[in-house]
Amino acid sequence: MDYSDASLKRILQQTRTIAVVGVSMNPVRPSYFVARYLNLKGFKVLPVNPRHTGETLFGEVVHETLNSIDRPVDMVDIFRRSEAVLEIVDEALAVLPDLKTIWMQIGVSHEAAAQKAQARGITVVQNRCPKIEYQRLFGELRMGGFSTGMISSRLT
């Protein structure tokens with residue numbers, strides 16, 4: 001898999017709409033603050049969580065499944081255990097004709113699902129976080145001394 005900075009940056013630059021599968025309504029959960037961050041950065045975030053179907057999150061109605069989304073989706077961001085990934089990828093491939101990327105969060109991977117998506121021309125990222133990658137690739141972590149190539153306790 002090509003996880004070069006250029007490849008990840010291109011994915012994030014070309015993505016407009018992200019379906020976040022497994023998003024939580026709880027603001028202290030990682031899925032919530034990642035989805036919120038992406039929304040604040042201008043991505044259209046479509047929340048998917050059957051436990052909260054019909055509720056509203058970030059101005060969007062929470063979808064039960066990917067099948068209930070009625071607009072183009074560029075990326076599916078998966079916040080579920082690895083065992084659930086194959087079913088999610090199968091659904092995404094069946095119902096999202098404009099899909100460009102399947103992104104599996106940190107700790108989430110499924111090689112067979114990745115190969116299936118790649119065989120259909122879909123880019124797959126596993127075990128990474130789009131929020132972290134966005135911050136790293138677009139310079140937002142530099143102020144804290146990250147990704148600068150320098151080690152320092154001073155904030156500049």
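This report describes salt bridges in a predicted model.

Side chains of opposite charge can pair when their charged atoms come close. Across the whole structure, a search finds 7 salt bridges. Among them are the three in the table.

| Acidic residue | Basic residue | N to O distance |
|---|---|---|
| Asp5 | Arg136 | 2.8 Å |
| Asp74 | Lys100 | 3.0 Å |
| Glu133 | Arg128 | 3.4 Å |

**Asp5 and Arg136**

The side chains of Asp5 and Arg136 form a salt bridge at 2.8 Å, N to O. Asp5 belongs to helix α1 (residues 5-14) and Arg136 to helix α5 (residues 130-137), so this pair ties together parts that are 131 residues apart in sequence. Asp5 is partly exposed, its relative accessible area being 42%. Arg136 is also partly exposed, at 23% relative accessibility.

**Asp74 and Lys100**

A salt bridge of 3.0 Å, N to O, joins the side chains of Asp74 and Lys100. The two residues are 26 residues apart, and their pairing links distant parts of the chain. Asp74 sits in the loop between β4 (60-61) and β5 (75-78), while Lys100 sits in the loop between α3 (82-95) and β6 (101-104). With a relative accessible area of 10%, Asp74 is buried, whereas Lys100, at 40%, is partly exposed.

**Glu133 and Arg128**

Glu133 and Arg128 meet through their side chains at 3.4 Å, N to O. Glu133 has a relative accessibility of 5% and counts as buried. Arg128 counts as partly exposed, at 24%. Both residues also belong to a network of salt bridges that links Asp5, Arg128, Glu133 and Arg136.

Definitions and conventions
Residues are numbered from 1 along each chain as its sequence is written. This is a predicted model: local features need pLDDT of at least 70, side-chain atom pairs count only at pLDDT 80 or more; totals for chains, interfaces and linings use all residues. Side-chain values use heavy atoms; hydrogens and water are left out. A salt bridge is a side-chain nitrogen of Lys or Arg within 4 Å of a carboxyl oxygen of Asp or Glu. Helices (H or I, at least four residues) and strands (E, at least two) are DSSP runs, numbered from the N terminus. Buried means under 20% relative accessible area, exposed over 50%, partly exposed in between (1.4 Å probe, protein chains only).
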